[in-house]
Amino acid sequence: MSPTGSLSLDNPALKTPAFARLPSWTKEKLSPLAIKKIQDVYDWVEQECIPREQIMKAQLEGPGNRWKTPSLMHELREKAKDRGLFNLFLPNHFVESPGLTNLEYSCCAEIMGRVYWAAQTMNCHAPETGNIELLAKYCSEEQKKKWLQPLLDGTAASAYSMTEPDVASSDATQIGIRMRREGDEYVIDGRKLYGNCLWNKELGFYILMGCSAPDNEDRWKRHTMIIVPCATPGITQVRNLTIMGYDHAPEGHGEYVYENVRVPAENVILGEGRAFEIAQGRLGPGRIHHCMRLVGQCERAYELALIRCRDPAKKPRGRFIGEFDSNIERIAQMRLELDQARLVVLNAADVMDTLGNKAGKRAIAQSKILVPRMATRIIDECMQLYGGQGLTQHTPLPEMWTYARFVRVADGPDAAHRHQVGREEMKTAEGFRQRHAEYLRRYRELAERYGEKVVSFDYGNLE
Ligand SMILES: Cc1cc2nc3c(=O)[nH]c(=O)nc-3n(C[C@H](O)[C@H](O)[C@H](O)COP(=O)(O)OP(=O)(O)OC[C@H]3O[C@@H](n4cnc5c(N)ncnc54)[C@H](O)[C@@H]3O)c2cc1C
């Protein structure tokens with residue numbers, strides 16, 4: 001029996017490095033299936049992904065290969081699928097789920113984050129995860145067969161297309177690309193920004209949000225989600241967007257013009273005017289998958305920094321970099337922040353499991369705001385400890401930092417999430433006013449009983 005009195009913590013399977021950083025309360029909640037999957041994901045990333053990092057890079061850099069999914073990725077995806085490591089992200093309330101809770105998946109996702117592309121080998125990468133969840137939740141059975149099943153099988157690839165260059169897309173009511181119904185089709189005209197790049201021929205379809213009823217008085221009913229096959233005539237990719245200089249090949253991020261793009265009406269998800277119902281439902285786990293992986297990515301960056309701190313070839317003033325007090329403090333600070341980040345993510349996942357995605361809105365926002373910011377700070381410190389090499393391709397640190405930085409904007413900028421949290425917090429003010437009015441009333445009552453003079457002090461107008 002463990003000191004906490006929990007039998008599960010005595011499980012020898014929990015004593016391996018795969019579980020070393022998890023808090024006890026998380027370990028206690030893991031099912032036998034999850035314990036096995038977490039260990040399998042750990043072994044997969046350590047043995048199959050990390051040693052192949054440079055090979056994946058080399059395959060992409062070969063002549064004519066930039067926008068082709070490397071054969072190594074296909075090979076690893078087949079292997080991961082055979083080992084039962086596919087789609088672990090899909091929470092256990094879906095019939096298609098392999099059976100993990102959000103909390104259990106968080107533990108897997110952190111390990112995946114150690115290699116930028118490891119999640120993709122397990123079909124757990126963005127935007128596929130959010131799209132699969134959306135299709136599983138809102139599609140008809142017919143649509144599921146056609147669009148969802150190939151994604152679950154890993155034989156198709158999809159993109160999510162909401163953002164536009166001409167509006168503030170974090171306020172989705174502004175999405176302006178026009179969709180009008182003509183017979184059995186919708187005709188789409190307008191511009192889109194982001195969503196994977198068409199140069200990769202494996203991309204099959206977009207889940208697009210468009211404006212189908214601009215004059216509807218209810219602004220929450222003006223928009224529709226529709227599946228747009230990439231081969232539909234009238235879609236032009238203007239260019240691939242680079243993210244702080246990285247092209248993110250072979251998936252990329254396209255910029256698109258839609259001109260008279262005709263899509264069958266049967267591709268509408270849930271029904272015309274119901275995009276916001278879907279967007280609400282998409283607020284769940286997909287929102288924090290990036291955060292889960294960022295924790296693992298930071299652990300890796302931190303390990304590189306520690307290695308550098310003890311590198312005998314790099315001794316300014318004859319001392320290890322890790323012997324300077326200022327750097328010992330830096331390492332401590334990084335450790336503290338990393339452990340905080342993990343707790344925030346695990347908490348959000350656990351709230352979703354125990355109270356549901358809607359009740360978890362605040363914990364999800366908390367994670368989305370705090371974790372990418374912490375991650376940029378931690379990786380920045382790691383780069384600094386590395387010196388000049390830390391800013392070059394000698395280390396994966398610049399790519400890691402860029403990933404953490406883009407998560408501050410992707411899936412909604414942190415300012416928008418803070419705005420939402422702050423607005424909810426403001427609603428609690430009335431309760432505090434009443435509570436303080438009661439303190440004051442009771443104070444006056446007690447002052448009278450003790451024969452003390454009431455001293456005036458100011459909580460503001462509590463009437
Ligand atoms: C790497 C990457 C990948 C992406 N992938 C996709 C994708 O696959 N599909 C897709 O559709 N989109 C994608 N996006 C786009 C992303 O979701 C949007 O950029 C994001 O939602 C913000 O929309 P916007 O760019 O129109 O910025 P805006 O909405 O114009 O916001 C700009 C800024 O305004 C301020 N702001 C906004 N709202 C508030 C507020 N409430 N309070 C205070 N300040 C506020 C913030 O500073 C914010 O950063 C991706 C972005 C990145 C960086």
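This is a short chat about a predicted model, its ligand, its salt bridges and a surface patch.

Q: What kind of model is this, and how are residues numbered?
A: The model is predicted: local features need pLDDT of at least 70, side-chain atom pairs count only at pLDDT 80 or more, and totals for chains, interfaces and linings use all residues. Numbering runs from 1 along each chain as its sequence is written, and side-chain values use heavy atoms, with hydrogens and water left out.

Q: Ligand first. Which residues come nearest?
A: Tyr-160, Met-162, Thr-163, Ser-169 and Ser-170 come nearest, out of 21 residues around the ligand. A residue is near if one of its heavy atoms lies within 4 Å of the molecule.

Q: Which atom of the ligand is 2.8 Å from Met-162?
A: An oxygen atom; its partner is a polar backbone atom of Met-162. A polar contact is a pair of N or O atoms within 3.5 Å; within protein, one must be able to donate a hydrogen and the other to accept it, and residues adjacent in sequence count only if both atoms are side-chain atoms.

Q: And what about Thr-163 and Ser-169?
A: Thr-163 uses its side chain: an N or O atom there is 2.6 Å from a ligand nitrogen. Ser-169 uses its backbone, with an N or O atom 2.9 Å from a ligand oxygen.

Q: How much of the ligand does the protein cover?
A: The protein covers 67% of the 990 Å² of accessible area that the ligand has on its own. Accessible areas come from the Shrake-Rupley method with a 1.4 Å probe; for residues, only the protein chains shown count as cover.

Q: Which elements give two or more residues to the shell?
A: β1 (157-161) and α14 (414-426) do. α14 gives the most, with three residues. Helices (H or I, at least four residues) and strands (E, at least two) are DSSP runs, numbered from the N terminus.

Q: New topic. How many salt bridges are there?
A: A search of the whole structure finds 37. A salt bridge is a side-chain nitrogen of Lys or Arg within 4 Å of a carboxyl oxygen of Asp or Glu.

Q: What does Arg-330 pair with?
A: Glu-381, with the closest N and O atoms 3.1 Å apart. Arg-330 lies in helix α11 (residues 325-355) and Glu-381 in helix α12 (residues 361-386), so the pair ties together parts that are 51 residues apart in sequence.

Q: What about Arg-335 and Asp-339?
A: Their side chains meet in a salt bridge at 2.9 Å, N to O. The two residues are four apart in helix α11, so about one helical turn separates them.

Q: Is Arg-335 buried or exposed?
A: Arg-335 is buried, at 13% relative accessible area. Asp-339 is partly exposed, at 30%. Buried means under 20%, exposed over 50%, partly exposed in between (1.4 Å probe, protein chains only).

Q: Which residues share that network?
A: Arg-21, Glu-110, Glu-299, Arg-335, Asp-339 and Arg-342 are joined into one network by salt bridges that share partners.

Q: Last one: which residues form the nonpolar surface patch?
A: Tyr-439, Phe-457 and Tyr-459, with about 310 Å² of accessible area together. Patches are made of residues with over 30% relative accessible area and no salt bridge: like charges are joined within 9 Å, nonpolar side chains (Val, Leu, Ile, Met, Phe, Trp, Tyr) within 5 Å. Tyr-439 sits in helix α15 (residues 429-450) and is partly exposed, at 40% relative accessibility.
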